[in-house]
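Q: Please examine a single part of this structure closely and explain how its residues are placed. Then relate that part to the other features of the chain in one connected account.

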Amino acid sequence: MKLAVSTSNTFLKASIAISGSKSESNRLLILQQLFKNIQIENCSDSDDSKHLKAALENNEELVDIGHAGTAMRFLTAFYATQVGRECTLTGSERMQERPIKILVEALQSLGASIHYDAEEGYPPLRIKGSKLTKSQVQIAGNVSSQYISALLLIAPSLENGLQINLTGELTSVPYIEMTLSLLKQLGVQLTFNGNQIRVWPLKNESPITVVVESDWSSASYFYSLIALSNIGSEITLEHYKKDSLQGDACLASIYENFGVQTLFTEKGIVLKKTAVQLKETLSLDLKNAPDIAQTIVVTCFGLGMSCDLTGLHTLKIKETDRLVALQNELTKLGASIAITNQSLHLKSSEHIKENIAIETYKDHRMAMAFAPLALKVPIIILEAGVVSKSYPNFWKDLQQLGFQLNQG
Ligand SMILES: O=C(O)C1=C[C@@H](OP(=O)(O)O)[C@@H](O)[C@H](O)C1
Ligand SMILES: C=C(OP(=O)(O)O)C(=O)O
């Protein structure tokens, strides 16, 4: 689906309810399967969560989780512990290019039976569930935190718990902390000191209802919309809170640089556009919040600001190589941009080219990050349906803000 996106209304006012965090939901779905006593409210309506739910509900031999990175990593660990279960776990073409060796080797060192069906180090995986009796493992922490969360999710179900020794400089740490916080909410005992995490087996499984906070990564597109809109614009986003488990809640302070104020209310957050003196260059290290990098670069471009973003080393192994994708598409719009393997440097530019067709590379965040530019110039988003990976209602919610969407 090709969408021409435009609007003549740069003064925004709306109230929007985004569904639950995909990251929290996917952790809870795995934990619910392991411990049965968990009720989940405001679960994510993302394709990724739907794929994970379907995989957990069906006992099929071939499990295909599409583009869902967390589902791939979390299910690898989960199936490895399910005695009597044997399956092949695979995903989309891109998923088969996203590395998983670090996690597989860690699980194998614990005694898991996992084999590669095609290329070593990548899905599809042939997994035979077994009882893991070892309780110490070493794993690199500098490639993807999802490998560590995958181990943490199964840890309380292991007979002797698990001690994880992390090597290298940790990346995406808030996601590890999110996993630990959810385990603590279930009553799991654990410690996280320096590069060592210890998790004890869960003994008392008392019933618990967890209400998932709405998704902050999805909220980023509304931060960008407000940043690019007129002073006085205001959007309410429901079901957000100040003491979030999601690292992307750092948006609230980052977007102050663009004149976006965040007010925490009973209902959620209210984003308001206020007057601000923009910095010439915004410099940020995003190793703790990689999923909002695309949103931030596009906001800077839309406001004619330059930016230097670092800590982006994980972007190359996500839904697409996001550094290359950003460079290609922003260049088409007239930007001057340079990338390295872990950073991005955008020069300020005064002009944005109109009616440019943005490729989305099967990456939901490319579509959603570029859409707010429609406040400045009409823009075309190719394969716009990709948004459903994390935010199926994105286009509908954008229409609520008065945007015109024409299918071509
Ligand atoms: O654990 C999670 O829920 C996630 C961790 C991050 O991945 P990395 O740790 O690979 O950076 C993030 O980019 C992804 O969208 C979700
Ligand atoms: C990287 C992402 O997801 P995953 O790694 O779970 O596919 C994302 O949602 O931006």
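**A close look at helix α9**

A: In helix α9, the residues A293, Q294, T295, I296, V297, V298, T299, C300, F301 and G302 are buried. The model under discussion is predicted. Helix α9 spans residues 293-302, and 10 of its 10 residues are buried, which leaves the helix mostly covered. After α9 comes G304, a residue with a positive phi, near 75°.

Helix α5 may be set beside α9. Helix α5 runs over residues 145-154, and because 10 of its 10 residues are buried, it is largely enclosed by the rest of the structure. The buried residues of α5 begin with S145, Q146, Y147, I148 and S149, and continue with A150, L151, L152, L153 and I154.

Further backbone features occur in loops. H239 is not a glycine, yet its phi is positive, at about 65°. The loop that holds H239 lies between β13 (234-238) and α8 (251-254). H239 has 19 C-beta neighbours inside 10 Å and therefore counts as partly exposed. N355, likewise not a glycine, has a positive phi of about 55°. N355 is located in the loop between β19 (344-347) and β20 (356-358). With 10 other C-beta atoms within 10 Å, N355 is exposed. Another loop contains a cis peptide bond, which joins P123 and P124 with omega at about 0°. P124 belongs to the loop between β6 (113-116) and β7 (125-128).

Helix packing can be described through α3 and its contacts with α1 and α4. Helix α1 (residues 22-35) and α3 have axes that come within 10 Å and cross at roughly 20°. That angle makes α1 roughly parallel to α3. The crossing by which α1 passes α3 is right-handed. On the α1 side of this contact are S23, N26, I30 and Q33, which meet T70, A71, F74 and F78 of α3. By class, the contact comprises 4 nonpolar residues, 4 polar residues and no charged residues.

Helix α3 (residues 69-80) also packs against helix α4 (residues 101-109): their axes come within 10 Å and cross at roughly 15°. Helix α3 is therefore roughly parallel to α4. Here too there is a right-handed crossing, with α3 passing α4. R73, T76, A77 and A80 of α3 meet L103, V104 and L107 of α4. The residues of this contact comprise 5 nonpolar, 1 polar and 1 charged.

For the wider setting, the domain assignment divides the protein chain into domain 1, made up of 3-18 + 213-407, and domain 2, covering 22-211. The centres of the two domains, taken over C-alpha atoms, are separated by 29 Å. Contacts between the domains involve 20 residues of domain 1 and 21 residues of domain 2. The side of domain 1 that touches domain 2 consists, by class, of 5 nonpolar, 9 polar and 6 charged residues.

To return to the part requested, α9 is a helix with 10 of its 10 residues buried, and G304, with its positive phi, follows it.

Notes
Residues numbered from 1 in each chain as written. Chains lettered and ligands numbered in written order. Predicted model: local features only at pLDDT ≥ 70, side-chain atom pairs only at ≥ 80, totals over all residues. Domains from an automatic or database assignment. Contact = placed C-beta atoms within 7 Å. Nonpolar A, V, L, I, M, F, W, Y, C, P; charged D, E, K, R; others polar. Axes fitted to C-alpha atoms, helices over the stretch in contact; angles between N-to-C directions. Helix = DSSP H or I, 4+ residues; strand = E, 2+ residues; numbered from the N terminus. Parallel < 35°, antiparallel > 145°, perpendicular 65-115°, else oblique. Left-handed = near helix turned anticlockwise from the far one by under 90°. Buried ≥ 20, exposed ≤ 12 C-beta atoms within 10 Å, placed from the backbone.
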